[in-house]
Amino acid sequence: MTIDSVPDTTFEIKVPATSANIGPGFDSLGLAFSLYLSLHNPTLCAVFDRSVTLEYTDPQNNQGLPLRPSQNLITKTAWYVLRCHGYLAFPRFVAITVTNPIPLSRGLGSSGAAVVAGVLLANEVAGLNLPKDRLLDFALAIERHPDNVSAALLGGFVASYLRDDDTASNTKALEGPFQPNDKINSHTDAFAPSAVAPRMPPSQVSRHVSLPWSAGIRAITVIPQFQLSTAKARAVLPQTYSRADLVYNLQRLAVLTHALGQSSPDAKLIHEAMSDRSHQPYRADLVPGLQVLLTTMVPDTTPGLLGACLSGAGPTVLILANDHFEAIAQKACTIFAEYNVATKSLILDVIQDGSTCKPCSATQ
Ligand SMILES: Nc1ncnc2c1ncn2[C@@H]1O[C@H](COP(=O)(O)OP(=O)(O)O)[C@@H](O)[C@H]1O
Ligand SMILES: N[C@@H](CCOP(=O)(O)O)C(=O)O
């Protein structure tokens with residue numbers, strides 16, 4: 001595609017926050033929420049400058065995020081996709097305003113959302129028209145567990161798997177975007193291409209299916225006011241599991257995928273089926289109060305509660321409920337407070353639409 005044929009419009013990209021795992025579905029289940037990372041390019045720019053700039057509308061929520069496009073996860077991802085499609089510069093100038101209410105490193109899929117936003121950004125500015133499955137391939141070249149990005153892109157309650165679990169080749173796929181050796185022009189901070197183009201991801205890296213979600217079930221997210229990076233929370237997991245633990249999780253996972261779609265949710269069934277032996281026990285030491293919360297907040301003593309688990313890699317706790325949302329949130333925050341963990345809670349809806357990129361009105 002030539003520069004002249006690249007669409008020059010304003011757009012808004014919206015990507016939802018997600019919760020991964022939902023208890024036993026480690027690296028396979030994801031749920032999309034009514035809380036959105038959004039990217040907006042409010043102004044059409046006549047300047048013939050093929051670069052990108054970034055600003056965040058809410059710097060308080062996004063402290064520490066690099067504004068240099070060459071270091072920011074959203075624009076690094078977009079650059080990776082563009083390089084895979086033969087672009088040697090951004091197709092046109094784009095000044096992006098980012099609004100990100102998704103708390104960072106709390107287990108609500110902020111990095112997955114940033115990666116999906118970057119893929120959609122490249123798709124939009126270069127007019128690539130990639131189908132959703134191909135967008136997912138690019139996102140999965142970067143975020144190597146499919147649970148968050150599948151739910152973020154597609155919306156709703158999604159089960160997915162990677163078709164190739166060869167971690168050695170996974171690492172190679174990451175070399176493109178993250179160690180691009182692309183020199184940065186220190187004046188404009190524009191990307192400049194290295195001699196070697198990054199590896200194009202193979203097609204259909206993953207497979208996914210949308211699962212039914214019972215309409216009245218909402219998500220109470222109880223968010224500790226400290227960060228826990230996904231990398232750190234993955235580092236504490238064992239390399240191998242016993243047959244008993246494998247069977248324990250498989251049995252619950254199979255039941256859970258149906259139990260959450262039933263029109264009259266069975267609280268006791270859901271609560272038991274959200275129990276896990278693959279990641280939560282190992283991560284409990286990283287989240288003071290988690291173990292007590294999970295064992296004391298049960299349907300018998302907490303009206304409206306259906307189940308609770310660590311959200312993604314934590315430290316957020318996800319509580320699924322169909323009533324008494326505020327009271328449940330308050331109870332969970334009180335338990336965390338007993339462990340000197342300050343929290344905020346957000347009551348969110350599960351959304352079915354997934355990520356969008358829409359034209360919007362421009363000022364010139
Ligand atoms: N809106 C964003 N813009 C740029 N980078 C982001 C954004 N959101 C997340 N990130 C990157 O992802 C990191 C958090 O990723 P991770 O530890 O996986 O936590 P989470 O559970 O929130 O996904 C941040 O430190 C930052 O590097
Ligand atoms: N399956 C992953 C999910 C990580 O989700 P995040 O929202 O914490 O990035 C894991 O449990 O490590």
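Which domains each give at least three residues to the shell around ligand 2? Let's work through that and a few related exercises on this predicted model.

Some ground rules: residues are numbered from 1 along each chain as its sequence is written, while chains are lettered from A and ligands numbered from 1 in the order in which they are written. Because the model is predicted, local features need pLDDT of at least 70 and side-chain atom pairs count only at pLDDT 80 or more, whereas totals for chains, interfaces and linings use all residues.

**Exercise 1. Describe the shell around ligand 2.**

Step 1. A residue is near a molecule if its C-beta atom, placed from the backbone, lies within 6 Å of it. Ligand 2 has 17 residues around it, the closest being Ala20, Gly107, Thr230, Gly312 and Ala313.

Step 2. Domain 1 (11-207 + 354-359) and domain 2 (213-349) each supply at least three of the shell residues; these bounds come from an automatic or database domain assignment.

Step 3. Helices (H or I, at least four residues) and strands (E, at least two) are DSSP runs, numbered from the N terminus. Helix 6 provides the largest share of the ligand 2 shell, 3 residues.

**Exercise 2. Do the same for ligand 1.**

Step 1. Here 21 residues surround the ligand, and Leu73, Ser110, Ser111, Ala114 and Thr230 come nearest. Two or more residues come from each of helix 1 (73-84) and helix 2 (110-125).

Step 2. Helix 2 gives the most to this shell, with 4 residues.

**Exercise 3. Check the length and surroundings of helix 2.**

Step 1. The expected span is 1.5 Å times one less than the number of residues. For the 16 residues of helix 2 that is 22 Å, and the end C-alpha atoms are 22 Å apart, which agrees.

Step 2. A residue is buried if 20 or more other C-beta atoms (placed from the backbone) lie within 10 Å of its own, exposed if 12 or fewer, and partly exposed in between. In helix 2, 16 of the 16 residues are buried, so the helix is largely enclosed by the rest of the structure.

**Exercise 4. Is isoleucine 22 buried or exposed, and is asparagine 129 buried or exposed?**

Step 1. Isoleucine 22 sits in the loop between strand 1 (11-20) and strand 2 (29-40), with a positive phi of about 50° although it is not a glycine. It counts as buried because it has 30 C-beta neighbours inside 10 Å.

Step 2. Asparagine 129 lies in the loop between helix 2 and helix 3 (132-142), and its phi is near 55°. With 8 C-beta neighbours inside 10 Å, asparagine 129 counts as exposed.
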